[in-house]
Each structure stands twice: as structure tokens, then as C-alpha cells.
Protein chains: 2
Amino acid sequence: MDPTPIPTSDTPRKATTIKDVARRARCSIASVSRVVNDSGPVSGALRLRIAAAVAELEFRPSEVGRSLVLKRSRTIGVLVPSVTNPVFADCLAGLQETARRGGHAVLIAQSNYEAGREVEAIEPLIAERPAGLVLTVCDPASSEARARAAAAGIPTVLLFNEASDPGVALVTVDNRGAGRDLAAALIGRGHRRIAFVAGRFAASDRARARYEGVRDALVAAGLPVEPPVEADFIDGPDRIDLADILDRLRPTAIVASNDLLAIGVVAALRRHGLAVPDDVSVAGFDGIAIGGLIAPSLATIAWPARAMGTTAAAMLLDLVAGRGREPGRTLTLPHLFRPGGTLADAPNTSR
Amino acid sequence: MDPTPIPTSDTPRKATTIKDVARRARCSIASVSRVVNDSGPVSGALRLRIAAAVAELEFRPSEVGRSLVLKRSRTIGVLVPSVTNPVFADCLAGLQETARRGGHAVLIAQSNYEAGREVEAIEPLIAERPAGLVLTVCDPASSEARARAAAAGIPTVLLFNEASDPGVALVTVDNRGAGRDLAAALIGRGHRRIAFVAGRFAASDRARARYEGVRDALVAAGLPVEPPVEADFIDGPDRIDLADILDRLRPTAIVASNDLLAIGVVAALRRHGLAVPDDVSVAGFDGIAIGGLIAPSLATIAWPARAMGTTAAAMLLDLVAGRGREPGRTLTLPHLFRPGGTLADAPNTSR
DNA sequence: CGTGCTGGTGAAAACGTTTACACCAGCGCC
DNA sequence: GGCGCTGGTGTAAACGTTTTCACCAGCACG
């Protein structure tokens with residue numbers, strides 16, 4: 001319980017190395033390495049001496065030295081559009097925890113939902129020679145970032161992206177199916193004029209797939225299909241402008257491409273003097289926790305974000321360890337429609 | 001635009017090294033290093049040859065090799081209680097962006113609001129020999145994690161923590177003053193019975209300071225002071241149990257130790273059949289963006305979370321570069337009371 | 001009593017950088 | 001014309017590990 005005294009002056013004292021331990025234990029560094037990593041045989045007596053020296057000197061092997069000789073660090077790099085979107089934060093939390101348990105540290109990078117930024121975001125990660133990468137990119141098929149990772153020979157798992165080419169490790173959800181399910185739920189409540197609002201549409205294959213799913217359902221029901229409305233929710237969710245679509249389509253329901261945007265859409269509708277869900281219903285995707293706490297609660301398609309992070313980490317660690325079963329392995333986690341107070345019967349409709 | 005073809009087979013091809021470049025440019029590795037880092041003189045002709053070789057071979061210097069010889073990596077480690085709390089996610093986003101601009105990568109770790117986990121969370125970070133660390137710990141004065149960082153001689157900036165001992169770099173806010181301000185706002189609206197709800201009280205010096213501030217204001221106004229109520233918001237914000245405090249104190253206002261918790265409290269009150277703000281007002285701390293989008297909007301004390309991240313990163317990079325002005329530098333960023341729909345006049349009170 | 005194996009140990013190379021140092025050519029200066 | 005500087009270049013050491021290889025002792029086996 002007694003905390004180690006904290007030196008106030010930041011003495012740049014040098015860390016103890018394997019040589020210090022070897023000297024203290026009166027042996028070679030090879031034996032120290034063998035004990036520390038439990039590789040190769042060491043006699044009981046020497047093992048004890050080394051263990052004592054390690055403890056006394058508080059030896060912590062340098063990952064840098066280790067990485068150099070092993071040609072890969074025990075680090076995994078993660079690229080997400082933004083850590084401030086709860087769905088990615090949840091992912092990241094699970095991913096980090098699983099990585100830590102597996103003895104790996106996690107490096108982060110953000111693309112800010114811009115394909116052009118992916119490269120500059122991922123370069124520093126690659127420079128650290130990580131054991132592997134987990135990426136959520138704008139468009140897997142054309143991603144320069146992914147190409148760089150592949151060129152560097154770094155095992156990579158895509159997260160949340162749509163399946164593009166085979167031979168890729170991927171942890172994702174059925175975005176298109178989710179779109180269909182959500183639209184079906186709206187149609188079932190009598191909605192006929194349904195709008196789709198997306199963030200950076202061009203920068204998210206998820207948003208595009210969800211839109212296509214919604215479109216599938218609309219077409220199947222013989223309902224009018226509107227092109228998606230782009231609403232910049234990144235910088236300033238309080239400036240979402242729905243005037244145009246409200247005037248043109250007079251939708252009774254709006255599907256947002258994710259929950260964060262959906263909450264912004266609800267707020268925007270209120271600014272327009274429209275009641276949710278009495279005038280307009282709203283629904284999103286992701287199932288972020290906060291959506292269930294607000295009033296009215298947010299109708300959404302939920303997927304296990306944290307589990308997607310842990311799964312991606314586990315898959316990557318498998319890949320890294322050579323336990324990579326089939327190299328191109330796609331894991332599609334289930335989604336679930338979660339009803340909420342933002343979704344009601346369409347006005348002027350007797351079901 | 002033409003994307004580099006992505007090899008499907010994960011060929012573990014070896015990265016090009018400085019030697020490859022030297023061979024190609026017909027010179028020594030020293031000259032390559034000089035050109036890459038722009039250190040030392042190189043003739044125009046050779047400089048050109050090397051630049052060409054670097055480009056053709058797509059040479060990216062290994063940070064691992066560099067870190068080994070420089071004894072520190074261009075990486076900074078960040079420990080926060082949880083990346084899923086938007087206030088820390090915002091911090092992290094700003095921090096990462098500033099670090100990247102400064103040529104540094106960011107390693108993350110989470111303590112899950114448990115002092116006991118701080119050490120195991122930070123050890124892998126220290127093992128990577130980062131240039132510096134940014135920590136938000138449970139209790140700076142007794143933090144074993146902080147002690148480890150100091151023992152390893154790693155420059156450290158504390159974030160959000162309370163000032164403990166001098167000689168520490170710290171980016172924070174006036175938590176206690178914020179508590180006073182928030183309580184004053186409540187008292188000004190006629191509230192007399194004010195409860196304080198905290199998450200892991202023992203694991204957050206911020207929560208404790210905010211409580212003390214609230215207490216200050218209550219005492220100054222001659223109002224009754226209740227001990228804080230602990231509500232576990234980490235796993236399951238939907239199981240916050242307020243029955244006890246509602247029965248005992250019958251508060252007209254509840255202050256939550258942060259916004260995430262405050263939103264949970266609002267939901268819990270609703271489950272108890274109480275209207276917010278008509279029956280009970282609620283306020284929190286942090287000023288998370290989503291608080292302004294929900295209805296009723298959340299009254300809160302807002303601080304510039306993202307800027308705190310960027311500031312902490314900038315301060316750390318200064319420290320690392322030796323530009324560390326005074327070593328023990330505390331920067332207190334301003335806070336601002338942000339009124340919201342969750343805060344109304346106390347019932348049965350004519351102001 | 002050799003022969004071969006096995007357990008225990010150390011010496012040394014390798015990993016990819018940076019940088020101190022040495023060297024040489026050219027040039028200005030006395 | 002010798003001297004000292006400077007610009008340009010290369011050699012080699014160092015950083016902290018892991019791992020291969022060699023070596024030696026002891027022991028079972030024939």
C-alpha cells in the first residue's frame with residue numbers, strides 16, 4: 001500500500017537492461033533471456049539467482065530491443081474514423097482490453113471520415129512496425145491505407161467495413177440487411193415517405209450499404225425512393241439542416257445513418273417545430289448506450305460494438321500467431337432492431 | 001487515383017532498410033540517414049541520388065531502430081479511466097491529433113476507474129519506452145502508476161487530476177470551483193435539498209473535488225449537506241438506484257459527478273415516475289456534446305475537453321523536447337456553466 | 001570404455017537506426 | 001607553400017534484445 005516515493009525532479013535515469021541483470025546474477029544475458037521468456041533450459045539455482053536480480057533491479061525488458069530483433073513489435077495499430085463516435089469508442093475499448101490481455105499495446109489513429117487522411121494517419125502506425133492492424137476505412141476496395149499495410153506485409157483485419165474482395169480478414173455486420181430491417185419496421189408502422197440522412201456519405205461504405213438496405217425495402221414496398229441527404233454531423237451536430245428534405249418530401253420518418261446523427265436529427269426536427277415521434281419518427285444504427293437513456297429513447301439497429309472490438313483483436317492475434325485459420329475470414333456479427341420512443345405509427349394512418 | 005494493387009496473399013515480405021537505400025544510391029548508410037533526417041551536410045548530387053532511391057524503394061525508416069538508438073520512441077502513452085466516456089474520448093481525439101502533428105504516435109490504456117488496474121494498464125506502455133505519458137489517475141498523490149513512470153524517468157503530464165504536489169506538469173480544471181458554481185446556480189433557482197451522485201467516488205479525485213465544491217456552496221448558504229451517493233454507472237447506467245436518496249432527502253435537485261452519469265440519473269428519475277425538471281432538476285459536469293442535443297438539454301459545467309487533450313499533448317511535447325519551461329507547470333483551463341432544460345426553479349418556490 | 005545424448009551455459013551475431021570520429025579534398029590566408 | 005578550416009563522405013560503435021551455435025559435463029547404453 002505504501003506508494004513508492006515519487007521523485008519530483010525528472011531525473012532521466014537510465015532503465016536497467018538485461019546486461020545489468022546478467023552482471024548481478026553472474027551469468028550471461030542469454031540465460032537471463034531464457035528465464036524472462038521461459039525459453040530454453042536453466043538450472044534451478046541460476047534461475048533463482050536471475051529471478052532475484054530481476055526483482056531487485058526491477059528489470060522490465062525493453063519492447064524496443066525485442067521488437068528490433070523479432071522484426072515486429074507487440075503492438076497493434078487501430079485506425080477508426082473518430083474515437084469520439086461512441087460506437088468506435090466502444091470498439092476501441094474492447095479491442096484495447098483484449099489486446100492487453102494478449103500482451104499487446106494499442107496504437108490509435110483517426111481518419112476523421114476522410115479517405116485522404118487515412119494514409120497520413122496510418123503511416124506513423126506502420127513506422128512502428130506493429131504486429132498487426134485493425135482498420136475501418138472509407139472504402140476498402142480503393143483504400144490506399146490498406147494497400148500500404150499490405151505492402152508492408154502487416155496482417156490486417158478490417159472492422160465494420162463491407163466485404164470487398166476475398167482473402168480479407170473482416171469483422172463486420174450486415175449493414176444492408178440492417179437497413180432493410182429498419183425500413184421494414186418503419187413501413188410496418190405505416191410510414192410511406194421515408195428519408196435517409198447520412199453523414200459523410202462518400203466516406204462510409206457502411207452508410208452506403210445501410211442506405212441500399214433501406215432502398216431495398218422501399219422498392220419492395222413500392223414506395224418512393226429519395227436520394228440520401230448529406231448532413232455534416234462531424235463539426236457541429238447542432239447545425240444539421242433538414243429544411244430542404246422536409247419541404248420536398250415531407251417525410252413521416254427519417255432514417256439516420258448512425259445514432260449520433262439520429263440524435264442530431266431529432267434535435268434539428270425540434271428546431272423546426274416538429275415533434276418526435278408524433279410528427280416525424282426517427283431511427284438510427286449502432287445502438288449506442290446513450291440512445292436508451294434519453295427521452296424519447298432512440299429506435300435503432302443495435303450491434304455488439306464492444307464485442308466487435310474484442311473479436312477483431314482476437315482474430316488479429318490469431319493471425320499474428322500464425323493460428324490464422326482460413327486467411328480470408330469474414331465474421332458477421334448479428335444485429336437487432338431495438339424499438340424506441342422515437343418511432344411511432346405514421347400520423348394519419350390507421351394501421 | 002489508381003490504387004496500389006492489394007496482394008491478397010499475406011506475403012511477409014521484408015521492409016526495405018536503410019542499407020537497401022545506401023546500396024541503391026551507392027553510398028554509406030550515414031549519408032542516407034543524413035538526408036532522411038536532414039542532419040549534416042550532403043552534396044547536391046548525392047542528395048538527389050538518395051532521394052530517388054528512397055522514393056523508388058519506398059523507404060520508411062523503422063521507428064524501432066530509431067527508438068533503440070535514441071533510447072526513446074516517438075510515441076506517447078495515454079492512460080484514461082475509459083475511452084467510452086465522451087469527455088475522455090474528446091480529450092483523446094485532440095491529444096492524438098496534436099501528437100500526430102508533432103510526429104508522435106499514441107498508445108492507449110484504460111484503468112476502468114480502478115486504481116488497482118492502473119499499474120497493469122501502464123506497464124505495457126512503459127515497456128514501449130515512450131517519449132512521454134499523459135495520465136488521468138484515480139489519486140495522483142498515491143498513484144503507483146505515476147511512481148512507475150517517474151522511476152522509469154519518463155516525462156509525464158497529468159490530465160484532469162487535482163493538483164497534488166508541486167513539480168508536476170498538469171492540465172486540469174477547477175473542479176472544486178466548478179462544483180461551487182453549479183451549486184450556486186441551483187441555489188439561485190430556489191433549490192434547498194440538493195443531492196450529489198457520484199460514480200466511483202473513491203476512484204476519482206475529480207468527483208471528490210466537485211463534491212467539495214458543491215458542499216462549499218451548500219454550507220455557505222446554510223443548507224443541509226448530504227454525503228455523496230455512489231451509483232455505478234460503468235457497467236449498466238440503466239441500473240442506477242436512487243430509491244434510497246429520494247426517500248431520505250426528497251431532493252429537488254441532483255448534481256451528478258459527470259454528464260454521462262447525469263443522463264443516467266435523469267433516466268432513473270423517470271423510472272421513479274418523477275419529471276425532470278418539474279419534480280427534480282439535474283445537472284452534471286463535462287459539457288459533453290450530446291447533452292446539448294437531448295431533450296431536455298442537460299445543464300452542466302462545460303470545459304474544453306478536446307482542447308485539454310491538445311494542450312496536454314503540446315505540453316508533453318515541449319517537455320520532451322527540453323523546451324519544458326518551468327518543469328512543474330499547472331495549466332487550469334476555464335469552465336463555464338451551461339444552462340439547460342434539466343434545470344428549473346425548485347417546485348413550490350416563488351423566486 | 002567409447003559413443004551419443006541431454007541439460008546447462010556462454011559467446012557472438014543479428015536486427016535498423018544514429019552519430020562520433022576519421023579521413024580527404026579543396027580553399028583561403030599568412 | 002604550409003596551415004588550418006570546412007564540406008563531404010565513410011567506418012564503426014552503440015542501443016537492448018533473441019537466438020544460433022558451440023562447448024562441456026554428466027550419464028545411459030552398448
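**Helix packing, interface and backbone exceptions in a two-chain model**

Helix 1 of chain A and helix 2 of chain A are roughly perpendicular to each other, because angles of 65 to 115 degrees count as such. Their axes cross at roughly 105° and come within 8 Å. Before I go on: this is a predicted model.

On the helix 1 side of that contact in chain A, the residues are A:Ile18, A:Lys19, A:Val21 and A:Ala22. They meet A:Ile29, A:Val32 and A:Ser33 in helix 2 of chain A. By class, the contact of these two helices of chain A has five nonpolar residues, one polar and one charged.

The loop between these two helices, 18-25 and 29-37 of chain A, holds A:Arg26. What is the phi of A:Arg26? It is positive, about 55°, although A:Arg26 is not a glycine. For background, most residues other than glycine have a negative phi.

Now the annotation. UniProt, in an unreviewed entry, places "domain: HTH lacI-type" at residues 16-70 of chain A. In the model, that span is 71% helix and 0% strand. The C-alpha atoms at the two ends of residues 16-70 of chain A are 21 Å apart.

Over to chain B, and another helix pair. Helix 2 of chain B, residues 29-37, packs against helix 3 of chain B, residues 44-57, at an angle of about 80°. The axes of helix 2 and helix 3 of chain B are 10 Å apart. That angle makes helix 2 of chain B roughly perpendicular to helix 3 of chain B. Helix 2 of chain B contributes B:Ser31, B:Val32, B:Val35 and B:Val36 to the contact. From helix 3 of chain B come B:Leu46, B:Arg47, B:Ile50 and B:Val54. Sorted by class, the contact of helix 2 with helix 3 of chain B has six nonpolar residues, one polar and one charged.

Next, the interface. How many residues of chain A are in contact with chain B? There are 66, and they contact 67 residues of chain B. About 5700 Å² is buried between chain A and chain B, with carbon and sulfur atoms giving 61% of that area.

On salt bridges, the rule finds six across the interface of chain A and chain B. The side chains of A:Glu123 and B:Arg60 form a salt bridge, at 3.1 Å from N to O. Over all chains, the whole structure has 44 salt bridges.

One of these is within chain A, between A:Glu97 and A:Arg101, where the closest N and O atoms are 3.2 Å apart. Where do these two residues sit along the chain? Both are in helix 5 of chain A, residues 86-101, and because they are four residues apart, about one helical turn separates A:Glu97 from A:Arg101.

Last, the cis peptides. Most peptide bonds are trans. The bond joining B:Val276 and B:Pro277 is cis, with omega of about 10°. B:Pro277 is in the loop between helix 11 (259-271) and strand 9 (281-286) of chain B. The peptide bond from B:Ala295 to B:Pro296 is also cis, with omega near -10°. B:Pro296 belongs to the loop between strand 9 and strand 10 (299-302) of chain B.

Technical notes:
Residues are numbered from 1 along each chain as its sequence is written. Chains are lettered from A and ligands numbered from 1 in the order in which they are written. This is a predicted model: local features need pLDDT of at least 70, side-chain atom pairs count only at pLDDT 80 or more; totals for chains, interfaces and linings use all residues. Side-chain values use heavy atoms; hydrogens and water are left out. Axes are lines fitted to C-alpha atoms, for helices over the stretch in contact, and angles run from 0 to 180 degrees between N-to-C directions. Angles under 35 degrees count as roughly parallel, over 145 as roughly antiparallel, 65 to 115 as roughly perpendicular and the rest as oblique. Contact means heavy atoms within 4.5 Å. Ala, Val, Leu, Ile, Met, Phe, Trp, Tyr, Cys and Pro count as nonpolar, Asp, Glu, Lys and Arg as charged, and the others, Gly among them, as polar. UniProt positions are given in the numbering used here, feature names are shortened, and annotations may be inferred rather than shown by experiment. Buried area is the accessible area (1.4 Å probe) that two parts lose on being put together, summed over both. A salt bridge is a side-chain nitrogen of Lys or Arg within 4 Å of a carboxyl oxygen of Asp or Glu.
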